[in-house]
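Thanks for the slot. I will go through one model, starting with the fold and then moving to the interior and a few single residues. Here it is.

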Amino acid sequence: GDTTTEPEVLAELNKDANYIFQPVTEMKGGKWYAIVSDNHAATALSSNYGYLQITDGSARNNGIVLPASCAFGFLTVDGGFTIQQYDNKYVYQTGTYNSFNVAATMPDNGAVWSVTVDNNEFTIKNNSVSKFVQYDTQYNSYGSYADKRGNIPTLYELVEIDNTPVIVSVSAGSLSFAAEGESKEFTVTTLGSA
C-alpha cells in the first residue's frame, strides 16, 4: 500500500483574531499550540531575541481565549519539531543564552526541539543546547534553562477562532458589541417600572 503521508502544513491564522485553545494530553506536528502555565501564555517575540512575555487567557469553551500572537506552530522534522511563531518566524536557541531568538528562515543550529509529556507537563527541550522551556515566576516570562527553575508548561491546541461577541462600549441608550471584525450597536430601551 501507499505509506506516503501528507506534509504537515500549519493552518493560516488571522493575525488580528482571538482563538480558543483547549488543553491536550499529547501533541502532534502540524498544529498550533499555546504554551501555558497557570493561565499565562507565552507570546511571540516582536524583536529578534528575548524572553517570551505573557498574555493571560480568559476561560471559554473548556479552554482559554488568546490572541493569534500566542500561537506557536510545531512541525515534525528529524529529531523532533521546529517551532514557529504566529508570524511564521522560527524560534531557536544558541550559545549560553536562556532567551530565545527568532528568524524568518530555519537556522542550521538550535531550531530543533523535542517534546516529552509527563502528567500534563510538556518538556519542550532544545536539542542543540539541552535547555527546556519554563515559565519563570520571578520575571513573569518564559525562558529556556538547563536546570529546573520555573514551571513546566502545558500545551493548549488551537481549536477554532473565537467569535464570541465582546461588549466594546456601554452608554445610557446603547450597547456596542464586536465579533469577527464587525461591530454592531443596539439601542437599549428601558421599560417603565410596574
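The chain has zero helices and 19 strands. Keep in mind that this is a predicted model. Of its 194 residues, 44% count as buried. As for contacts between residues at least 6 apart in sequence, 53% of them join residues at least 24 apart.

Now the interior. The largest nonpolar core has 22 residues. Met27, Ile35, Phe72, Phe74, Ile124 and Leu155 are the ones with the most contacts inside this core. Which elements give two or more residues to it? They are β2 (31-37), β8 (72-77), β9 (80-85), β11, β12, β13 (121-126) and β14 (132-136). Another core, of 17 residues, lies apart from that one, and it includes Ala17, Tyr19, Leu66 and Ala68.

Next, the cavities. The structure holds one cavity of 30 Å³ or more, and the volume of the largest cavity is about 40 Å³. Which residues line the largest cavity? The lining consists of Ile35, Leu52, Phe72, Ile83, Val91, Phe100 and Val133. By class that gives seven nonpolar residues, with no polar and no charged ones. Ile35 and Phe72 have come up already, among the residues with the most contacts inside the largest core.

Phe100, also in that lining, takes us to the aromatic residues. The structure holds four aromatic pairs. One of them is formed by Phe100 and Trp113, with 6.2 Å centre to centre and 35° between the planes, a tilted arrangement. This pair links distant parts of the chain: Phe100 sits in strand β11 (residues 100-103) and Trp113 in strand β12 (residues 113-118), 13 residues apart. Are these two buried or exposed? Phe100 has a relative accessible area of 1%, so Phe100 is buried. Trp113 is at 0% relative accessibility and therefore counts as buried.

A second pair is Tyr135 with Tyr142. The ring centres of Tyr135 and Tyr142 are 5.3 Å apart and the planes are at 55°, so this pair is tilted. Tyr135 counts as buried at 2% relative accessibility, and Tyr142 is buried with a relative accessible area of 0%. There is also one aromatic cluster, formed by Tyr33, Phe74 and Phe81. Phe74 was on the earlier list of residues with the most contacts inside the largest core.

Two acidic side chains to finish. The first is Glu157, found in strand β16 (residues 154-161). Why does Glu157 count as buried? The cut-off for buried is under 20% relative accessible area, and Glu157 has 19%, so Glu157 is buried. Leaving out residues up to four places away in sequence, Glu157 touches Ile20, Phe21, Gln22, Val24, Lys31, Trp32 and Tyr33. Tyr33 is a member of the aromatic cluster I just mentioned.

The second is Asp56, in strand β5 (residues 54-56). With a relative accessible area of 46%, Asp56 is partly exposed. On the same basis of leaving out residues up to four places away in sequence, Asp56 touches Asn39, His40 and Leu66. Leu66 is among the residues of the 17-residue core. From Asp56 to Thr43 the distance is 9.7 Å, C-alpha to C-alpha, and the two are 13 residues apart in sequence.

That is the end of the tour, and I can take questions.

Note on methods: Residues numbered from 1 in each chain as written. Predicted model: local features only at pLDDT ≥ 70, side-chain atom pairs only at ≥ 80, totals over all residues. Heavy atoms only, no water. 1 Å grid on protein atoms, 1.4 Å probe; cavity = no way out; pocket = protein on both sides within 12 Å on 5 of 7 lines; lining within 4 Å. Points joined across faces, edges and corners; volume = space filled by probe spheres on them. Nonpolar A, V, L, I, M, F, W, Y, C, P; charged D, E, K, R; others polar. Phe/Tyr/Trp six-rings, centres within 6.5 Å; stacked < 30°, edge-to-face > 60°. Helix = DSSP H or I, 4+ residues; strand = E, 2+ residues; numbered from the N terminus. Buried < 20%, exposed > 50% of the residue type's maximum accessible area, 1.4 Å probe, protein only. Core = buried A, V, L, I, M, F, W, Y, C linked by side-chain atoms within 4.5 Å. Contact = heavy atoms within 4.5 Å.
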